[in-house]
Amino acid sequence: MDVSRQRLAFLLETVQLEAEHLKATDGRLFSVPFTTERAATLRDDDVLAERLDAFVARFARLQDTAGDKLLPALLTRIGEPVGAVLDNLDRAARLGWLDVASEDWLAVRLLRNRMVHEYIRQPEMLAEAVNAAHAAVPMLLHFVERCGAYVRARQLV
């Protein structure tokens, strides 16, 4: 198996595992709505704080791995040019892997900073950012599913 094929197989398996972990953590964190009041309890609720940390880390890791590593590897494997992140995301949308605008993907990326930097100090802003990230989870999971389906259908790995 050539190097690009091996790398694509590795990255696809990685994002699929990351997606499973994010989906599970998302389900646990949002089994109860994440409100401003709930965010305000983070200093005293170690379980909630750890669950939130896991959600933020898994959300960020999946988006980074999928957008910054898997996407360029997949584009390379099918002979598409790899460029700036926006260009790559636009190609992903054109190929049917991404069903939001590239700018929306980048806006979701900024949520990580909001979730990390507003942590504990401003519960209302944290709750807003965490809920926005929760709303974006299906977009990330769908992107991973579509990339995987494309790879399998074309036997790229």
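# Exercises on a six-helix chain

Buried residues (under 20% relative accessible area; exposed is over 50%, partly exposed in between, with a 1.4 Å probe and protein chains only) make up 41% of the 157 residues in the protein chain. This is a predicted model, in which local features need pLDDT of at least 70 and side-chain atom pairs count only at pLDDT 80 or more, while totals for chains, interfaces and linings use all residues. Residues are numbered from 1 along each chain as its sequence is written, and side-chain values use heavy atoms, with hydrogens and water left out.

## Exercise 1: the whole chain

Task: state how many helices and strands the protein chain has, and what its radius of gyration says against the globule rule.

Solution.
- Step 1. Helices (H or I, at least four residues) and strands (E, at least two) are DSSP runs, numbered from the N terminus. The protein chain has 6 helices and 0 strands, in the order α-α-α-α-α-α along the sequence.
- Step 2. The radius of gyration is taken over C-alpha atoms, and the globule rule is 2.2 Å times the number of residues to the power 0.38. For 157 residues a compact globule would have a value near 15 Å; the protein chain has 17 Å, which agrees.
- Step 3. Along the principal axes, the C-alpha atoms fill a box of roughly 50 × 25 × 20 Å.
- Step 4. Contact means heavy atoms within 4.5 Å. Of the contacts with a separation of 6 or more, 68% come from residues 24 or more positions apart.

## Exercise 2: helix α1

Task: compare the expected span of helix α1 with the distance between its end C-alpha atoms, then find which helices its buried residues pack against.

Solution.
- Step 1. The expected span is 1.5 Å times one less than the number of residues. Helix α1 (residues 3–29) has 27 residues and should span 39 Å; its end C-alpha atoms are 38 Å apart, which agrees.
- Step 2. The buried residues of α1 include Leu8, Leu11, Leu12, Val15 and Leu22.
- Step 3. An α-helix has 3.6 residues a turn, so residues three or four places apart point the same way.
- Step 4. The buried residues of α1 pack against α2 (36–39), α3 (46–77) and α6 (123–153).

## Exercise 3: two buried residues

Task: describe the surroundings of Leu22 and Ala39.

Solution.
- Step 1. Leu22 is in helix α1 and counts as buried because its relative accessibility is 0%.
- Step 2. Leaving aside residues up to four places away in sequence, Leu22 touches Phe55, Arg58, Phe59, Leu62, Val137 and Leu140. Leu22 and Leu140 are 118 residues apart in sequence, yet their C-alpha atoms are 9.6 Å apart.
- Step 3. Ala39 is in helix α2 and, at 2% relative accessibility, counts as buried.
- Step 4. With the sequence neighbours up to four places away again left out, Ala39 touches Phe34, Pro123, Leu126 and Ala127. The C-alpha atoms of Ala39 and Leu52, 13 residues apart in sequence, are 9.5 Å apart.

## Exercise 4: outside the helices

Task: place Ala101 and Gln155, and classify the accessibility of Ala101 and of Gln155.

Solution.
- Step 1. Ala101 is in the loop between α4 (85–94) and α5 (102–117). At 36% relative accessibility, Ala101 counts as partly exposed.
- Step 2. Ala101 and Leu156 are 55 residues apart along the chain, and 26 Å separates their C-alpha atoms.
- Step 3. Gln155 lies in the segment after α6 and counts as exposed, at 63% relative accessibility.
- Step 4. Most residues other than glycine have a negative phi. Gln155 is not a glycine, but its phi is positive, about 50°.
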